[in-house]
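Hi everyone, thanks for making time this morning. I'd like to walk you through one structure, so please have a look at the screen.

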Amino acid sequence: ANQIFCSNLPWSVNGKMLRQAFEVFGEVTDAFVAYHGRSSRGFGYVTFKEPADARGAVEAMNIAGYVHR
């Protein structure tokens, strides 16, 4: 699969920030953070062009976690 679910995101993270965090692993075709009104729900989805890039991102992020910069 080339789409991954991202949970426990910091409330301040938006789709652009999520995309930037995952682009180091490969070409991202979509990044989405779920909102309820104007408030983040703390999760989102990232879609990669290549399934292998998605697998690599999952492995790396499961170890390192999302680093808010």
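Let's begin with a pair of strands: E1 and strand E3, residues 39-48, pair in the antiparallel sense over four bridges. If you want a landmark, find Phe5, whose bridge partner in E3 is Tyr45.

Before we go on, a word on confidence, as this is a predicted model. The mean pLDDT of the protein is 91, with 93% of its residues at 70 or more. Among the elements, E2 has the highest mean pLDDT, 97, and H2 the lowest, 90.

Now back to the sheet. Its three strands run in the order E1-E3-E2, forming an open, antiparallel sheet. Strand E1 (3-6) and strand E2 (28-36) are at the edges with a single partner strand each, so one side of each has no neighbour in the sheet. From one strand to the next, the twist averages 20°.

What lies across these strands? Helix H1, residues 15-22, lies across E1, E2 and E3, and runs at about 140° to E2.

So which residues have the most contacts inside the largest nonpolar core? That core has 14 residues, and the ones with the most contacts inside it are Ile4, Cys6, Leu18, Phe22, Val28, Val46 and Phe48. At least two core residues come from each of E1, H1, E2, E3 and helix H2 (51-64).

Let me finish with Phe48. Leaving aside neighbours within four places in sequence, Phe48 is in contact with residues including Ile4, Phe22, Val28, Ala54 and Ala57. Asn2, Gly26 and Asp53 are also among the contacts of Phe48.

Thanks for listening!

Key
Residues are numbered from 1 along each chain as its sequence is written. This is a predicted model: local features need pLDDT of at least 70, side-chain atom pairs count only at pLDDT 80 or more; totals for chains, interfaces and linings use all residues. Side-chain values use heavy atoms; hydrogens and water are left out. Two strands pair if DSSP finds at least two bridges between them. Axes are lines fitted to C-alpha atoms, for helices over the stretch in contact, and angles run from 0 to 180 degrees between N-to-C directions. Contact means heavy atoms within 4.5 Å. A nonpolar core is a set of buried Ala, Val, Leu, Ile, Met, Phe, Trp, Tyr and Cys residues joined through side-chain atoms within 4.5 Å. Buried means under 20% relative accessible area, exposed over 50%, partly exposed in between (1.4 Å probe, protein chains only). pLDDT is the predictor's confidence in each residue, from 0 to 100.
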